[in-house]
Amino acid sequence: MHSAPNHPPPPPYVMLQDQGAPGHYPGPHGRNPPRFNGQYRPNGRRKNTCLRCYCCFYCCFFITLVVIIAAVVISFIIINPHVPEYKINDFSVKAFNLTPDFNLNAHFVITVKAENPNKQISIIYGKGSSVTLLYSGKKLCSGNVPDFTQPTKNTTMINVDLKGDLKGSDFGGSLGESLMEKMKSDRIPLTVAVRVPLNAAMGKMHVLKDPMGIYVNCSMVVNNLSQPDKKVGISDTKYDVDFSYKFKH
């Protein structure tokens, strides 16, 4: 009898070669492990998506900004806005009484020439204005500009009544004496300070939500304050015009 040759027991599993990829073998339970090439990055697709979102956002923002700027520039070219012009055209004396103890009662009328050079913008003068006549910084009398709407391409003469009643305690001393001396020399330096709330309109639409402020200071020299029947000469006029985005009372 011949003894049967000794053979090793069969292995618990069999290695099978992957037919689609030579040299690769399936993992346990017959499943192939995932394969990655050297150029693959798990987060690359997410990063590219975020980058595209940022680029789209900034492109849209830039295009919107350019459109807004272009619209503003085109509007200014079409509307072509101009600043209104103001000038004191006349100064007349209605009453002026300065007593030896420096009690002052005065009534003047000044005529302001307001010119609106705009072709498409009308000017709205609102309530709450003030016009003050000063000598050396001291108020002699005051009044206000009537509220009205000035049409486009228009020149309007605005008459402003200025009235004042000062006691000697308010106006006496060196200031009253100085005014009397200037009146004798026929060269009296005065300042007219105008403060007006102003808005603009295109048709029936107001351009500004709140009225802006216009402030005009006119320094001048007149040759007469005490003679109502004599025409007042105005010289050495100088205008200082300022604006604010909101009118300050």
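**View 1. The chain, end to end, follows the pattern α-β-β-β-β-β-β-β-α-α-β-β-β-β.** That makes 3 helices and 11 strands, where helices (H or I, at least four residues) and strands (E, at least two) are DSSP runs numbered from the N terminus. What you're looking at is a predicted model, in which local features need pLDDT of at least 70 and side-chain atom pairs count only at pLDDT 80 or more, while totals for chains, interfaces and linings use all residues. Residues are numbered from 1 along each chain as its sequence is written, and side-chain values use heavy atoms, with hydrogens and water left out.

**View 2. Here's how confident the predictor is along the chain.** On pLDDT, the predictor's confidence in each residue from 0 to 100, the chain has a mean of 80, with 74% of its residues at 70 or more. Confidence is lowest in helix H1 (residues 44–79), with a mean of 71, and highest in strand E4 (residues 130–135), at 95. Where pLDDT is low, don't read the predicted coordinates in detail.

**View 3. Inside and outside: buried residues account for 29% of the chain's 249 residues.** Buried means under 20% relative accessible area, exposed over 50%, and partly exposed in between (1.4 Å probe, protein chains only). Now look at contacts (heavy atoms within 4.5 Å): of those between residues at least 6 apart in sequence, 65% join residues at least 24 apart.

**View 4. Tyr86, Tyr125 and Phe148 make up one aromatic cluster.** Rings of Phe, Tyr and Trp (its six-membered ring) pair if their centres lie within 6.5 Å; planes under 30 degrees apart count as stacked, over 60 as edge-to-face and the rest as tilted. The count is 4 aromatic pairs. In one of them, tyrosine 86 and tyrosine 125 have ring centres 6.5 Å apart and planes at 85 degrees, so they sit edge-to-face. This pair links strand E1 (residues 85–98), home of tyrosine 86, with strand E3 (residues 122–125), home of tyrosine 125, across 39 residues. Tyrosine 125 also stacks with phenylalanine 148, at 4.8 Å centre to centre and 15 degrees between the planes. Phenylalanine 148 is in strand E6 (residues 148–150), so its pairing with tyrosine 125 ties together parts 23 residues apart in sequence. Tyrosine 125 is buried at 4%, whereas phenylalanine 148 is partly exposed at 21%.

**View 5. Zoom in on cysteine 59 and you'll find no disulfide.** With a disulfide being a pair of cysteine sulfur atoms within 2.5 Å, the count is 0. For cysteine 59, the nearest cysteine sulfur belongs to cysteine 55, 6.3 Å away. Cysteine 59 is partly exposed at 46% relative accessible area, while cysteine 218 is buried at 2%.
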